[in-house]
Amino acid sequence: MKLNELKPHAGSRKNRKRVGRGPGGTDKTAGRGHKGQKARSGAGKGQFFEGGRSTLISRLPKRGFNHVGTVYEIVNLAQLEIFEPGATVDRTALVEAGFVRRKDRPVKLLGRGEVKQALTLHVDAASEKAVQAIQAAGGSVVLPTVAGTDEQKEG
């Protein structure tokens, strides 16, 4: 037996129903009924379409915290152990280390873990706990300038 001689068992494979291809039960309207939006090609407006009126989710009152806000690439203190003492760590160093993947998101430093070596970090945002931990180790966190003021937190 060769690969080109292999065939499925008789009756195990069924041909698909070819609708709209002449008389035989599924011709003419091809199982779509008569006229109307759902009979047309490209029909169907999605699960929440309500005929053109405002959807239910739009009409309901909004409560609680709805502001989406900025989505950050998160870097924790524990991840910084791979850098040598006295190193300057910026976005490119974090990308090379594999801690930052998305280029369109700002980088935020959070305080999970410990840092033992003095580092100079250039990030877009940092938690207060992370800044204190870096300063306690003898390093500094440099945040971007806001309205002409240099927000460098020296340690």
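Which segment does Leu3 lie in? Let's work through this and a few other exercises together.

The model is predicted, so local features need pLDDT of at least 70 and side-chain atom pairs count only at pLDDT 80 or more, while totals for chains, interfaces and linings use all residues. Residues are numbered from 1 along each chain as its sequence is written, and side-chain values use heavy atoms, with hydrogens and water left out.

**Exercise 1. Place Leu3 and describe its surroundings.**

Solution. Start with the position: Leu3 lies in the segment before helix H1 (56-59). Helices (H or I, at least four residues) and strands (E, at least two) are DSSP runs, numbered from the N terminus. Next, take the accessibility: Leu3 counts as exposed because its relative accessibility is 77%. The classes are buried (under 20% relative accessible area), exposed (over 50%) and partly exposed (in between), with a 1.4 Å probe and protein chains only. Finally, Leu3 joins Met1 and Leu6 in a nonpolar surface patch, with about 450 Å² of accessible area together. Patch residues have over 30% relative accessible area and no salt bridge; nonpolar side chains (Val, Leu, Ile, Met, Phe, Trp, Tyr) are joined within 5 Å, like charges within 9 Å. Areas come from the Shrake-Rupley method with a 1.4 Å probe, and for residues only the protein chains shown count as cover.

**Exercise 2. Find the residues with the most contacts inside the largest nonpolar core.**

Solution. This core has 20 residues, and Val75, Leu80, Phe83, Leu94, Leu109 and Ile134 have the most contacts inside it. Such a core is a set of buried Ala, Val, Leu, Ile, Met, Phe, Trp, Tyr and Cys residues joined through side-chain atoms within 4.5 Å. Two or more residues come from each of helix H2 (91-97), strand S3 (107-110) and helix H3 (128-136). H3 gives the most, with three residues. Now zoom in on Leu80: leaving out residues up to four places away in sequence, Leu80 touches Val75, Leu94, Leu109, Gln117, Leu119, Leu121 and Ile134. Contact here means heavy atoms within 4.5 Å.

**Exercise 3. Work out the strand order of the open sheet.**

Solution. The three strands run in the order S1-S3-S5, with parallel pairing. Strand S1 (73-76) and strand S5 (125-126) are at the edges with a single partner strand each, so one side of each has no neighbour in the sheet. S3 and S5 pair over two bridges; two strands pair if DSSP finds at least two bridges between them. Across this pairing, Lys108 stands opposite Ala125 in S5.

**Exercise 4. Trace the salt bridges that link distant parts of the chain.**

Solution. The whole structure holds six salt bridges, each a side-chain nitrogen of Lys or Arg within 4 Å of a carboxyl oxygen of Asp or Glu. In one of them, Arg105 meets Glu73 (3.8 Å, N to O). Arg105 is in the loop between H2 and S3 and Glu73 is in strand S1, 32 residues apart. Arg105 is partly exposed at 24% relative accessibility, whereas Glu73 is buried at 11%. Another joins Asp124 and Arg91 (4.0 Å, N to O). Asp124 is in the loop between strand S4 (120-122) and S5, and Arg91 is in helix H2, 33 residues apart. Asp124 is partly exposed at 36%, and Arg91 is partly exposed at 27%.
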